[in-house]
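Hi everyone, thanks for coming. I'll take you through a few spots in this one, so have a look at it first.

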Protein chains: 2
Amino acid sequence: MAEKIKVTGGGVTAAKGFKAAGVEAGIKYSNRKDLAMIYSEYPAAVAGMFTSNVVKAAPVLYDMQIVKNSPFVRAAIVNSGIANAATGEPGMQVCRQTAEAVSKALDIPADSVLIGSTGVIGEQIPMDRINAGITKLADALSDTRQAAADAEAAIMTTDTVPKEISVTFKIGDADVTIGAMSKGSGMIHPNMCTMLAYICTDCDISKEMLDKAAHMDIPETFNMITVDGDTSTNDTYLIMANGCAKNPRIESEGKDFDTFMEALHFVDAYLARHMAKDGEGATRLFEVKVNNADTHDNAKLLARSVAGSSLCKAAIFGCDSNFGRFLCALGYSGAQFDPQKVSIDYVSRKGSVRVFERGLKKQYSEEAATDILSEDEVTVVIDMDEGDGSATAWGCDLSYDYVKINADYRS
Amino acid sequence: MAEKIKVTGGGVTAAKGFKAAGVEAGIKYSNRKDLAMIYSEYPAAVAGMFTSNVVKAAPVLYDMQIVKNSPFVRAAIVNSGIANAATGEPGMQVCRQTAEAVSKALDIPADSVLIGSTGVIGEQIPMDRINAGITKLADALSDTRQAAADAEAAIMTTDTVPKEISVTFKIGDADVTIGAMSKGSGMIHPNMCTMLAYICTDCDISKEMLDKAAHMDIPETFNMITVDGDTSTNDTYLIMANGCAKNPRIESEGKDFDTFMEALHFVDAYLARHMAKDGEGATRLFEVKVNNADTHDNAKLLARSVAGSSLCKAAIFGCDSNFGRFLCALGYSGAQFDPQKVSIDYVSRKGSVRVFERGLKKQYSEEAATDILSEDEVTVVIDMDEGDGSATAWGCDLSYDYVKINADYRS
């Protein structure tokens, strides 16, 4: 990270002019927060990316229209418990009614309200509970650390820890802040994951440049994580920029845009890594770095194939130096390469060891390899010796608990 | 199955003129058979299909040349324990030396010997143990039921049961037999799996028509099974036809070819289903039928996507009617469709239940659904209402044992 980007220990309310809240609405879960709101005191430019799944949840279809057509946004409301996916016209109706209710409660235009959902597919959301929840949320909105934590807790499903980050950096003389929260855990796979990510910044930036920044960075961050290969119906990434930092407005590429991109990349990569590490049942972060592939795109294909392989993930769970599985996953990635040029190293806090060199097993200590692989963050570094394409993918190990969580998620 | 195809309860030695053996060679495992041989008393036409993985094991590269260039084959030798993959030039040397040793022991041309391996990737095969094993195999070769069982046991890795089948049918007045064995279990995914399949028939059929039959049937059978999404380095399907049945020789398409195709399809589909059902850690067969897709190719894409989804597989393990996951997996399959037209039924010996109809959840008894899903063979039937393309894929559930087996497979 460049010196100029400072992590400030805040969450989704860190940027000026943003408030949040999280309350118990009883949508599906009991005795836990399950409805979150983000509110911008000023109109915010918005950009978004959404699931590539053909089956798109109602709130995804709804938000796609808002991002495309609304001149600005003021609020986002998100429930956990029910995904509002595969719910047909009644599901779309819930989105419209929710936006109307938020509009009335906060006195903002209905078309400035974003809707998000995560949870079980196929169930309808009880509108009466949403309405009661909105009243509570409107009362609870605040820019405090606690309000951010409440919102972050309310969007979790099988996540074990909330994901948040805030950074500040300079644009001109102005201090600009990005505060963000996300949830992940299961149905996590590139393009995109069961993830909801809300990025709030006080940067003054045009909608066009905000959109450009998001679309440049997501393919290198959120689309490089995988938990289980299942691309969800609800994936949503939204970034809102309200201009409260009063920096020289970013309306084109250049030094200021680059600075913003650098900070945004730091935020996105941090959230992506932490979503992978907190994958369902995960005991460790499984990072895959592919170096010297023939192209950047092939480096991405190769890295994601290894990070997504059930057999590689199970080997990482077992701290087992089964390098043949990494090689096998490279081989079915779709990228062409010469297996005789491939070398593989394991790297963690404990050190590093080369286990495979230019197509052949290297003599190495199994004990040392197991020791390196037993750390909670493990990197497999693969050298293709084909060109200068490199990429990193983030996954997690495959554990008994993944199966346990998913064999009976609904109950 | 057509009346005219009879299952005869034999294995890989059922067809006339074929012998087999399986012995303990101590390649990697102790106290178990790990080296198998098939021998044809007469020259046999051969056809094969091999892994699509860029990283092809040495025996795969070797067999591809034999199938392409040799006028006929006489024997196949297969070891379990070490895959001879990622072994470079020394690995190819092992193949050549093995073929030479079999050639001498059986007095057949070296280029009529097929080589197969399955097991750990990256290790070299100890040639001295192969040589000692070949001597034992040559002595043990027999056309008995027991010899077939020995060979079938010798090619297993984490398989829990051997896979074999034999059928007879008429071509003209001649009784023609197909006997076959295969192994599967892990690294199982379409195009193709960690599978070895050896199909021996006494049918008199030209090499060209044998090749055509195999290439027509495999995409509908072996390439429609998935256990874990990992396409192995060693997948091999070989079919040998020695003409001992003395049927009117098949040299072109027509009635006789169709009869042969029907019998072959029965054999291939049987082995494919049983490999899926015996997937690593599997507790049940998970069959996915997609009906009325816009095209046959899209029906295949859709069926394989659902059968291969970790989340769907975990739901099947938990007997959990989580139909949203099936819908989600359809959505990221790559096929385009209208989610509002989709209907989903569960079917097993216990009966059937419709859980999702034209884009919306149907009212149904959770208890009845769980009961149906708790059978050892479960079918999810999906109606796309888009056209007349249909396809079936076979997978298995994702259990704790899959993780256990693969977290430390090597030890």
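Before we start, one term: a crossing of two helices is called right-handed if the near helix is turned clockwise from the far one by less than a right angle, and left-handed if it's anticlockwise. And keep in mind that what you're looking at is a predicted model.

Okay, chain A. With that term in hand, α5(A) passes α6(A) in a right-handed crossing. Helix α5 covers residues 207–217 and helix α6 covers residues 255–277, and their axes come within 10 Å and cross at roughly 45°. An angle like that falls outside the parallel, antiparallel and perpendicular ranges, so the two helices count as oblique to each other.

Which residues of α5(A) and α6(A) meet? From α5(A) we have A:Met209, A:Ala213, A:Met216 and A:Asp217, and across from them in α6(A) are A:Phe257, A:Phe260, A:Met261, A:Leu264, A:His265 and A:Asp268. By type, that contact splits into seven nonpolar residues, one polar and two charged.

Now over to chain B. How many residues of helix α8, residues 310–317, are buried? Eight of its eight, so to speak the full run. Among them are B:Leu311, B:Lys313 and B:Phe317. Just past the end of α8(B), B:Cys319 has a positive phi of about 50°.

Last stop: B:Asp401, in helix α11 of chain B, residues 400–407. Buried or exposed? Somewhere in between: B:Asp401 is partly exposed, because 16 other C-beta atoms lie within 10 Å, and buried would take 20 or more. Measuring C-alpha to C-alpha, B:Asp401 sits 34 Å from B:Tyr62, with their positions 339 residues apart in sequence.

Conventions:
Residues are numbered from 1 along each chain as its sequence is written. Chains are lettered from A and ligands numbered from 1 in the order in which they are written. This is a predicted model: local features need pLDDT of at least 70, side-chain atom pairs count only at pLDDT 80 or more; totals for chains, interfaces and linings use all residues. A residue is buried if 20 or more other C-beta atoms lie within 10 Å of its own, exposed if 12 or fewer, and partly exposed in between; C-beta atoms are placed from the backbone. Helices (H or I, at least four residues) and strands (E, at least two) are DSSP runs, numbered from the N terminus. Axes are lines fitted to C-alpha atoms, for helices over the stretch in contact, and angles run from 0 to 180 degrees between N-to-C directions. Angles under 35 degrees count as roughly parallel, over 145 as roughly antiparallel, 65 to 115 as roughly perpendicular and the rest as oblique. Two residues are in contact if their C-beta atoms, placed from the backbone, lie within 7 Å. Ala, Val, Leu, Ile, Met, Phe, Trp, Tyr, Cys and Pro count as nonpolar, Asp, Glu, Lys and Arg as charged, and the others, Gly among them, as polar.
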